[in-house]
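Work through the following exercises with the sequence and the coordinates side by side, and attempt each task before reading its solution.

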Amino acid sequence: GVLAVHIAKAVSMLRFRGVFEQGKRHPADYGRIGRVRVELKRNGQPVNRSIPSRRELHREIARLLPGIHAEHQAVVAEAEAQHQDLQPELEKASMPTRDKGKRKKKR
């Protein structure tokens with residue numbers, strides 16, 4: 001799904017000033033974490049004349065999201081591949097060593 005982080009990145013790519021509020025949630029969709037606030041107008045005038053309204057901003061963000069999502073998926077896949085490569089080493093490093101010698105009984 002679309003994450004607020006992806007939307008924040010799209011806003012940044014469109015050269016808008018935005019704030020990603022990580023702890024905020026929408027009441028209708030409480031499972032999604034994060035909110036992005038964007039400065040669309042300054043002193044009553046659009047910050048970006050080619051994107052004068054919220055509707056146009058949503059369209060432009062929607063146009064950018066597939067690329068941002070694909071980039072995110074590639075990063076996740078690469079991280080998982082690196083994790084798989086390191087897994088045998090991690091397991092070997094985390095295995096407890098056991099003293100296989102006989103212990104003396106306490107008297």
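**Exercise 1. Determine how many helices and strands the protein chain has, and in which order they follow.**

Solution. Counting DSSP runs numbered from the N terminus (helices are H or I of at least four residues, strands E of at least two), one finds 2 helices and 4 strands in the protein chain. Reading along the sequence then gives the pattern α-β-β-β-β-α. This is a predicted model, in which local features need pLDDT of at least 70 and side-chain atom pairs count only at pLDDT 80 or more, whereas totals for chains, interfaces and linings use all residues. Residues are numbered from 1 along each chain as its sequence is written, and side-chain values use heavy atoms, with hydrogens and water left out.

**Exercise 2. Assess the confidence of the model.**

Solution. Begin with pLDDT, the predictor's confidence in each residue on a scale from 0 to 100: its mean over the protein chain is 84, and 80% of the residues reach 70 or more. Next, compare the elements: confidence is highest in strand S3 (residues 41–42), at 93, and lowest in helix H2 (residues 54–94), at a mean of 84. As a general caution, predicted coordinates should not be read in detail where pLDDT is low.

**Exercise 3. Describe how strands S1 and S2 are paired.**

Solution. Two strands pair if DSSP finds at least two bridges between them; here 6 bridges join S1 to strand S2 (residues 29–38), and the two run antiparallel. Individual positions can then be matched, since Gly-18 has Val-38 in S2 as its bridge partner, while Arg-25 stands opposite Ile-33 in S2. Finally, S1 and S2 form a hairpin with 2 residues between them.

**Exercise 4. Establish whether Glu-21 is buried or exposed, and what it touches.**

Solution. Glu-21 first has to be placed, and it lies in strand S1 (residues 18–26). Because its relative accessibility is 18%, Glu-21 counts as buried, the limits being under 20% relative accessible area for buried, over 50% for exposed, and partly exposed in between (1.4 Å probe, protein chains only). With contact taken as heavy atoms within 4.5 Å, and its neighbours within four places in sequence set aside, Glu-21 is in contact with Gly-34, Arg-35 and Arg-37. For the chain as a whole, 14% of the 107 residues count as buried.
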